[in-house]
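Here's a quick walk through one structure, for anyone who likes to look at helix packing and ligand surroundings. Have the viewer open as you read.

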Amino acid sequence: MGEKTVENITVAVRIRPLNQRELASGGEKIWEKDGEVGIKEKNGARNFFYDRIYDENTESTEVFIYQGVEVIEKCISGYNGCIFCYGQTGSGKTHTMHGVRKTNPGLVPLSIDHIFTMIQRSSGKEFLIRCSYIEIYNESVNDLLNPNFLNLQLAEDKKNGIKIIGVTEEVCTSSNQVNSLLVMGEKHKNIASTNFNQRSSRAHSIFRVIVESKNTSGRPDVAIATLNLIDLAGSESADVHGPAASSARSKEMKYINRSLLTLGTVIMRLSDKKNNAPIPYRDSKLTRLLQPALEGDSKVSIVCNISPCNDAYDETLSTLKFAQRAKKIKQVIVKNDTTDSKALIVKYEREIYELQERLREMENKMVQEEKSAMNLNVSKELQILQEEKERADTKLENLLQEKLQLAQDLERLKSFIIHAEDVKPSKLLKETEQKMKKVATKKTNLLHSKTSTSKEIIIEGDENLLTKNMDYLENKSIVLEDMGNEDINNFERHETMLLNGLDNIEFELLGFESPKNITGKPKAKQALPFISNSALTLEECLKIIEEQRKCIEGQKNTIDVLKSEIDVRDQTIMKFSKDIEEKQEQVELLSDELKLCKNNLTKLQISNRFRKASKN
Ligand SMILES: Nc1ncnc2c1ncn2[C@@H]1O[C@H](COP(=O)(O)OP(=O)(O)OP(=O)(O)O)[C@@H](O)[C@H]1O
């Protein structure tokens with residue numbers, strides 16, 4: 001706890017001018033100011049003294065100078081403050097508290113202006129201002145800054161007084177901002193027209209400003225002061241609404257009067273300390289909310305508003321008595337110093353510090369990012385990609401070479417392969433084959449035409465191949481006799497050739513053995529010009545042909561394998577090319593990202609430089 005001061009509640013009386021209704025009804029002014037601090041009945045029957053008396057000629061600014069300035073300045077120094085107006089309906093409470101914003105502002109807007117003026121003058125200190133605005137309507141606490149928040153609950157808070165749970169608290173940094181909140185709250189106020197006041201407040205309204213202050217150097221203490229600016233609803237008698245009063249107005253009147261009565265009792269008990277009767281703070285929401293202030297933790301200033309008219313005599317007298325009692329209340333007000341980390345200013349400062357740290361970290365990180373992006377990531381990435389590309393290029397080059405080699409091999413191998421259709425049959429072979437066919441036919445015919453004996457002789461001729469040959473020639477001459485002359489000539493012309501061209505197959509077809517011994521060496525090979533070695537037997541030739549055929553088939557298989565290998569490599573090459581394209585795209589993307597990163601950094605740096613400049 002901080003410094004203490006013992007003070008009385010400051011009580012002033014403000015006399016408003018007679019209003020139209022009073023003048024029209026022939027009302028008379030029976031109360032008048034008596035010096036700076038006195039008020040007396042015109043007939044001299046009664047007089048009262050307070051801290052200050054304001055008459056109908058006094059401007060609200062003057063009221064503020066005496067009733068408001070000290071309270072506000074105490075708040076700025078860390079003491080709680082409370083200013084409220086008390087009086088019957090239509091006596092000028094709202095006029096005093098709020099006034100007419102531009103032409104004749106009341107204590108609330110003047111207090112706000114003064115708070116910010118004081119802040120401006122308080123070098124070496126920092127402040128945090130937050131505001132809330134509520135009204136107590138029919139004993140229900142409603143949020144005027146958020147009309148959806150109705151019937152808010154109250155809770156005891158030993159450090160900060162009575163807390164309104166869930167109330168809207170707006171942090172404000174200028175008087176304009178606070179005034180905007182006031183305007184907004186005013187729109188949600190319960191106001192109605194009565195016989196006594198066209199715009200009568202149907203609820204008590206409390207504009208609350210919490211001022212947190214802290215020295216920028218030295219002790220870390222934070223002073224938290226709460227300023228309550230209260231415009232009470234006025235006490236009402238039944239004639240305020242007339243006999244046709246609606247049930248809503250009657251209900252409002254009941255609640256207003258009951259809470260004002262409780263306030264009166266609280267003030268009475270506080271002013272009479274000898275009487276140890278309990279103080280009924282809890283009997284109304286109004287007194288509960290005012291309890292910390294009235295109990296003595298606040299600098300309290302009360303303006304009691306009265307009508308000077310004779311027809312309001314009772315109400316005015318009641319107000320003046322209330323003011324007298326209030327004047328007696330002594331208060332020990334204490335400065336609210338705290339090192340509580342819950343103080344919003346401490347919390348915000350910590351947050352600001354944390355945010356600045358984070359910003360610094362972010363800036364460093366961004367510089368690092370930029371560097372690494374510039375020097376490491378991108379160049380490394382590029383280097384890797386380039387190396388990969390070079391490797392892929394080499395691979396591709398090798399594969400192309402291999403492919404070329406394979407293509408050449410293939411061509412070479414292809415040139416080795418001879419297809420049947422590629423080979424032109426020799427004229428000689430063709431003729432030989434034709435003759436062979438003819439001979440075969442004729443031999444068959446001959447065999448059929450001969451007796452079974454001659455057939456047997458031929459078969460038996462196996463014993464002596466030469467004899468067989470003779471027989472054969474004999475048989476042939478028989479056949480020749482049977483054939484026409486033309487045939488004979490033809491046959492003879494080709495006989496040698498035929499004999500030479502006959503191979504073992506023909507002989508075997510005819511049921512003979514190979515005529516190797518007939519001519520010494522078989523001549524069949526001479527009829528096969530593609531076999532260059534005439535020394536080979538026909539079987540050997542066939543074998544060679546078969547081997548060659550197999551070899552060609554083998555080569556074909558090899559070529560097929562090579563072809564499929566080439567296909568696989570082609571696919572690999574395609575894959576590599578695709579990979580390279582993808583990597584190049586990645587490189588482009590990374591370059592774009594880097595550009596973006598650089599732009600963002602430049603923007604951030606500019607905004608930082610702007611922010612630091614505007615701070616200075
Ligand atoms: N000092 C003053 N000078 C000029 N006009 C005043 C003064 N005091 C009050 N009035 C006028 O009297 C009328 C009623 O005043 P006001 O609304 O402030 O009364 P109130 O006490 O707030 O009433 P209620 O309790 O019904 O809300 C208003 O039109 C107001 O402008």
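The notes below cover the ligand shell, three helix pairs and a coiled-coil annotation.

## Around the ligand

First off, bear in mind that this is a predicted model. The ligand has 19 residues around it, and the closest of them are Gly92, Thr94, His95, Ser200 and Gly234. Two elements give two or more residues each to this shell: helix α4 (93-97) and strand β16 (200-201). Of the elements, α4 supplies the largest share, with three residues.

What is the shell's make-up by class, in nonpolar, polar and charged residues? Polar residues account for 13, charged ones for four and nonpolar ones for two.

## α5 against α6

Now to the helices. α5 spans residues 107-121 and α6 spans residues 175-187; their axes lie 9 Å apart, at an angle of about 155 degrees. Angles over 145 degrees count as roughly antiparallel, so that is the label for α5 and α6. The crossing of α5 past α6 is right-handed.

On the α5 side, the contact uses Val108, Pro109, Ile112, Asp113 and Phe116, while α6 brings Ser175, Val178, Asn179 and Leu182. Sorted by class, the residues of this contact are six nonpolar, two polar and one charged.

## α3 against α5

α5 has another partner to look at: helix α3, residues 69-77. Here the axes come within 10 Å and cross at roughly 45 degrees, which means that α3 is oblique to α5. α3 passes α5 in a right-handed crossing.

Which residues make the contact between α3 and α5? From α3 come Val69, Ile72, Glu73 and Ile76, and from α5 come Ser111, His114, Ile115 and Met118. The tally by class is five nonpolar, two polar and one charged.

## α7 against α8

Further along the chain, helix α7 covers residues 247-271 and helix α8 covers residues 285-297. Their axes come within 10 Å, crossing at roughly 25 degrees. Are α7 and α8 roughly parallel or roughly antiparallel? With angles under 35 degrees counting as roughly parallel, α7 and α8 are therefore roughly parallel to each other. α7 goes past α8 in a right-handed crossing.

The residues that meet are Ser259, Thr262, Leu263, Val266 and Leu270 in α7 and Leu286, Thr287 and Leu294 in α8. Five of the residues in this contact are nonpolar and three are polar, with no charged ones.

## The coiled-coil annotation

One last stop, this time with a database record. An unreviewed UniProt entry places a "coiled-coil region" feature at residues 345-416 and 573-600. What does the model show over residues 573-600? That stretch is 100% helix and 0% strand, and its end C-alpha atoms sit 41 Å apart.

Methods
Residues numbered from 1 in each chain as written. Predicted model: local features only at pLDDT ≥ 70, side-chain atom pairs only at ≥ 80, totals over all residues. Near = placed C-beta within 6 Å. Helix = DSSP H or I, 4+ residues; strand = E, 2+ residues; numbered from the N terminus. Nonpolar A, V, L, I, M, F, W, Y, C, P; charged D, E, K, R; others polar. Axes fitted to C-alpha atoms, helices over the stretch in contact; angles between N-to-C directions. Parallel < 35°, antiparallel > 145°, perpendicular 65-115°, else oblique. Left-handed = near helix turned anticlockwise from the far one by under 90°. Contact = placed C-beta atoms within 7 Å. UniProt positions renumbered as here; feature names shortened; annotations may be inferred.
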